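Thanks for coming. I will go through one structure today, mostly its pockets, salt bridges and packing. Please have the viewer open.

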Amino acid sequence: MGGNIGRRMLAAVALAALVSACGTSSPPSSPAAPALDGPDIAAALAAFQGSAIEQHMRVLADDALEGRGLGSPGYEQALQYVEKAVTGYGLTPAGENGGGRQRGPLRNAAVVEDGSAMTIRSGGRTRRLAYGKDFLLGADHLRADVSIDNAPVAFVGYGVSAPALGYDDYGAGIDVAGKVVAYLSGAPAMLPSNERAYYSSGAVKDAEAVKRGAIGTISFTSPDDPRFRWDVSVATGKQGGYAWLDAQGNPNRGNVALPGSASLNHSGVEALFAGAATPAAAVFAAAAKSTPQAFDLATRVSINTRSTHQDVESANVVARLEGSDPTLKNEHVVYIAHVDHFGRGVAMNGDDIYNGAHDNASGVAIVLDVARALQR
């Protein structure tokens, strides 16, 4: 926050989020940054107000905003609150047509539970799994009805191929063409933090599987993973997922080569590994040691997914603080935090509002205070 930050251009944005921007690199003639324990840094830190951050969080996470679901009146109220805050701090609206908004058209895709199904066949017997108890499906943003019929399954560890980092679940050369790949959520602990976050992405894993000819994916979690909360997954899954629409109305999610995607509860994992040469317990133990693994399972799966589509008009809020340095003001540092949360959903302890104080009223509140402090 020291050095030339005040001379650069700062922008603050709220998107299903909020952004603020500022310069990045300094030309050789710029003054050196102050010492991190110097008075300039102390003054900058003193500019932040814990009470203001708390107040922003209380407003955004209040029941009156009903969880800030995308496209909802509560989300609109949240955007208006953010707009009022950044303009009140003296930042300039930097959205479209001179205003503070940037249009963000979205598509919500949600699974029709009673029109969808998953079965697992093993040893001549077929087991029909229970939706919400044994499995969940990913809605298809491109098609209303898709299916996979009696396909073989290959387990591919974490589904990670990162040979340059010394880890590759596909390294032994397993053939997944025409198969459904099953993989563990997350990524090997041996990977560095940033790389581990990247390879934990389901989108990255699905892209790798499709590149190798897979026709579907199944994900599941180790029983001792502290992040595993099946009840929350079931509740939020009922609200569907959003994709950004481009100028032609095409969603940025979905793949025609992937007509099925499922996630399994522990009971579903037990059914999937029926008859496997390597039991699920051994798989979890190997994964805990970051050991690559891949082998064909003895089961076959059928997945039928029916999805509903609803296009939603949403927006980002964008604001800008221009610096005074004639060169550095043309550079930007961007601060962003998403305003939206899950809105209303399945009631928990009699309360169906998902307030989203941590995710992400806290982030929005902090970016707002960054904008206020930098404007000062």
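In the second largest pocket, strand E13 gives the largest share of the lining, with 4 residues. This is a predicted model, so keep that in mind throughout. The space in this pocket comes to about 520 Å³. Its lining has 30 residues, and those closest to the pocket centre are Leu70, Leu106, Tyr242, Asp340 and His341. Besides E13, the elements that give two or more residues to this lining are E4, strand E15 (295–321) and strand E17 (343–348). By class, the lining splits into 10 nonpolar, 15 polar and 5 charged residues.

Now the largest pocket. Its volume is about 1800 Å³. Of its 49 lining residues, Gly138, Ser219, Arg253, Ser261 and Ser263 are the closest to the centre. Several elements give two or more residues to that lining: strands E4 (101–111), E7 (135–137), E12 (216–220), E13 (241–244) and E14 (261–264), along with helices H5 (202–211) and H6 (230–237). Which of these gives the most? Helix H5 does, with 6 residues. The class counts for this lining are 21 nonpolar, 20 polar and 8 charged.

E4 is on the list for the largest pocket and on the list for the second largest. One residue of strand E4 to look at is Pro105. Pro105 has a relative accessible area of 10%, and it counts as buried because the cut-off is under 20%. Which residues touch Pro105, leaving out those up to four places away in sequence? They are Ala243, Trp244, Leu245, Val312, Glu313 and Ser314. Take Leu245 from that set: 140 residues separate it from Pro105 in sequence, yet their C-alpha atoms are 5.6 Å apart in space.

Next, helix H6, which also contributes to the lining of the largest pocket. Within H6, the residues Trp230, Val234, Ala235 and Thr236 are buried. Among the elements that cover these buried residues are E7, E14, E17 and strand E18 (351–354).

On to the nonpolar cores. In general, nonpolar side chains in soluble globular proteins tend to be buried together. In this model, the largest nonpolar core has 37 residues. The members that touch the most other members are Met118, Phe155, Ile218, Phe220, Leu264, Leu272 and Phe273. What does Phe220 touch, not counting residues up to four places away in sequence? Its contacts are Phe155, Ala182, Tyr183, Leu184, Ser185, Leu264, Val269, Phe273 and Phe284. There is also a second, separate core of 26 residues, including Ala78, Ala315, Ala371 and Leu374.

A charged residue for contrast: Lys179. Where does it sit? Lys179 is in the loop between strand E10 (167–168) and strand E11 (180–184). Is Lys179 buried or exposed? It is buried, because its relative accessible area is 13% and the cut-off is under 20%. Lys179 touches Pro152, Ala154, Gly213, Ala214, Ile215, Gly216 and Asp296, again leaving out residues up to four places away in sequence.

Last, the salt bridges. How many does a search of the whole structure find? The count is 18. I will pick three pairs.

The pair Arg127 and Asp134 has its closest N and O atoms 4.0 Å apart. A pair qualifies when a side-chain nitrogen of Lys or Arg is within 4 Å of a carboxyl oxygen of Asp or Glu. Arg127 is partly exposed at 36% relative accessible area, whereas Asp134 is buried at 5%.

Asp140 and Arg143 form a salt bridge with an N to O distance of 2.7 Å. Asp140 is buried, with a relative accessibility of 8%. Arg143 has 22% and counts as partly exposed, because only values under 20% count as buried.

The third pair is Glu322 and Arg320, with 3.1 Å between the closest N and O atoms. Glu322, at 42% relative accessible area, is partly exposed. Arg320 is partly exposed too, at 26% relative accessibility. Apart from these pairs, Glu66, Arg344 and Asp352 belong to one network, joined by salt bridges that share partners.

That is the tour. I will take questions now.

Note on methods
Residues are numbered from 1 along each chain as its sequence is written. This is a predicted model: local features need pLDDT of at least 70, side-chain atom pairs count only at pLDDT 80 or more; totals for chains, interfaces and linings use all residues. Side-chain values use heavy atoms; hydrogens and water are left out. On a 1 Å grid over the protein atoms alone, a cavity is a set of points where a 1.4 Å probe fits but cannot get out, and a pocket is an open set with protein on both sides within 12 Å along at least five of seven lines; lining residues have an atom within 4 Å of a point. Grid points are joined across faces, edges and corners, and a volume is the space filled by probe spheres set on the points. Ala, Val, Leu, Ile, Met, Phe, Trp, Tyr, Cys and Pro count as nonpolar, Asp, Glu, Lys and Arg as charged, and the others, Gly among them, as polar. Buried means under 20% relative accessible area, exposed over 50%, partly exposed in between (1.4 Å probe, protein chains only). Contact means heavy atoms within 4.5 Å. A nonpolar core is a set of buried Ala, Val, Leu, Ile, Met, Phe, Trp, Tyr and Cys residues joined through side-chain atoms within 4.5 Å.
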